[in-house]
Amino acid sequence: MKKGKLIVLSGPSGTGKTTLCRELVKRVPGLVFSISATTRDIRPGEINGRDYYFLAAAEFKKKIKDREFLEWAKVYDQFYGTLKKPITANLAKGISVLLDIDMQGALQVKAKFPQAILIFILPPSLEELRRRLIQRKRDSLAAIARRMKQIEEEMKYIPRYDQVIINKDLVKTVKYLQAIVKSRINAE
Ligand code: 5GP
């Protein structure tokens, strides 16, 4: 039986990554979403166990100590991590897994699974991204400035990704990503 593949999506928030992940798992048979653990607060509309496993910092740190994570990172002062068990169980069953994780996590995954496909999602421009973040009204202006600085820093590592996609038109990006992911999953 063919083993499952790991598909990693990274990119600044405000690029539509969450929507892209939702659409991809709906459209690509044999692909499931990796539910990360995090210590950040739950947001309105999110469900524990569907969007994330929301953990207290002490629980998260215990899992780090017990080596339960495939990768973990501190992103904007909160912990985020991918649990090893569901990943290995799915891959062994021939099911591919989609991860929405930051660049630090993506590079850790690539080091452990060199065959993982790393895809970076970019906004049409940094100015457009700043506009989207302001429009979303989720972050303060200071937090937005911090995110923008972080993105400029991350751009240096983009060449480590297998593919870079500019999300200008969500419908087109979904179609394009769907084609890439399907072909990668079905490749030997
Ligand atoms: P948010 O809090 O907006 O859901 O996510 C913030 C950032 O954390 C995003 O860039 C997202 O990709 C990243 N992230 C989510 N889950 C994980 C994870 O398990 N590991 C790592 N390294 N990053 C994650």
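Trainee: What do β5 and β6 form, and how many residues lie between them?

Mentor: This is a predicted model, so every value here is computed from it. In it, β5 and β6 form a hairpin, with two residues between them.

Trainee: How do you know that β5 and β6 pair, and which way do they run?

Mentor: Count the bridges. Two strands pair if there are at least two bridges between them. Six bridges join β5 to β6, so the cut-off is met. The two strands run antiparallel. As one example, V75 stands opposite Q78 in β6.

Trainee: What makes Y76 in that turn worth a remark?

Mentor: Its phi is positive, at about 45 degrees, although Y76 is not a glycine. Y76 lies in the loop between β5 and β6.

Trainee: Why is Y76 called partly exposed?

Mentor: Its relative accessible area is 27%. Buried means under 20%, and exposed means over 50%. The value for Y76 falls in between, so Y76 is partly exposed.

Trainee: Which other residue has a positive phi, of about 55 degrees, without being a glycine?

Mentor: That is R67. R67 sits in the loop between α2 (57-65) and β5.

Trainee: Is R67 buried or exposed, and why?

Mentor: R67 has 66% relative accessibility. The cut-off for exposed is over 50%, so R67 counts as exposed.

Trainee: What makes β6 mostly covered?

Mentor: Five of the six residues of β6 are buried.

Trainee: How many bridges join β3 to β6?

Mentor: Two bridges do. The cut-off is at least two, so β3 and β6 pair. They run antiparallel. Here A37 stands opposite G81 in β6.

Trainee: Where does S34 lie, next to β3 (36-38)?

Mentor: S34 is in the loop between β2 and β3.

Trainee: Why does S34 count as buried or exposed?

Mentor: S34 has 8% relative accessibility. Buried means under 20%, so S34 counts as buried.

Trainee: What does S34 touch beyond residues up to four places away in sequence?

Mentor: S34 touches T82, I87, V97, L98 and L99.

Trainee: What does L99 touch, leaving out residues up to four places away in sequence?

Mentor: L99 touches L6, I7, V8, L9, S34, T82, I87 and V109.

Trainee: Which residues touch the most other members in the largest nonpolar core?

Mentor: The core has 19 residues, and L6, V8, I87, L99, V109 and L118 touch the most other members. Several elements each supply at least two residues: β1 (6-10), α3 (84-92), β7 (96-100), α4 (103-112) and β8 (117-122). Among the contributors, α4 gives the most, with four residues.

Trainee: How many residues are in the second, separate core?

Mentor: That core has 17 residues, including L9, C21, I165 and I185.

Trainee: Which residues of α1 are buried?

Mentor: They are K17, L20, C21, E23 and L24. What covers them includes β1, β2 (31-33), β7, β8 and α7 (170-186).

Trainee: What makes the side chains of β9 alternate?

Mentor: Follow β9 along residues 163-166. Q163 and I165 point to one face and are buried. V164 and I166 point to the other face and are not buried.

Trainee: How do you know that β8 and β9 pair?

Mentor: Four bridges join them. The cut-off is at least two, so they pair. They run parallel. One facing couple is L122 and I166 in β9.

Trainee: What is the volume of the largest pocket?

Mentor: The volume is about 1300 Å³. Of the 47 lining residues, the closest to the centre are T18, R40, R43, Y52 and R138.

Trainee: Which elements each supply at least two residues of the lining?

Mentor: α1 (17-27), β5 (69-75), β6 (78-83) and α6 (141-154) each do.

Trainee: How many residues of each class does the lining have?

Mentor: The lining has 16 nonpolar, 14 polar and 17 charged residues.

Trainee: Where is R131, and why is it called partly exposed?

Mentor: R131 lies in helix α5, residues 126-136. Its relative accessible area is 43%. That value is between the 20% and 50% cut-offs, so R131 is partly exposed.

Key:
Residues are numbered from 1 along each chain as its sequence is written. This is a predicted model: local features need pLDDT of at least 70, side-chain atom pairs count only at pLDDT 80 or more; totals for chains, interfaces and linings use all residues. Side-chain values use heavy atoms; hydrogens and water are left out. A nonpolar core is a set of buried Ala, Val, Leu, Ile, Met, Phe, Trp, Tyr and Cys residues joined through side-chain atoms within 4.5 Å. Buried means under 20% relative accessible area, exposed over 50%, partly exposed in between (1.4 Å probe, protein chains only). Contact means heavy atoms within 4.5 Å. On a 1 Å grid over the protein atoms alone, a cavity is a set of points where a 1.4 Å probe fits but cannot get out, and a pocket is an open set with protein on both sides within 12 Å along at least five of seven lines; lining residues have an atom within 4 Å of a point. Grid points are joined across faces, edges and corners, and a volume is the space filled by probe spheres set on the points. Ala, Val, Leu, Ile, Met, Phe, Trp, Tyr, Cys and Pro count as nonpolar, Asp, Glu, Lys and Arg as charged, and the others, Gly among them, as polar.
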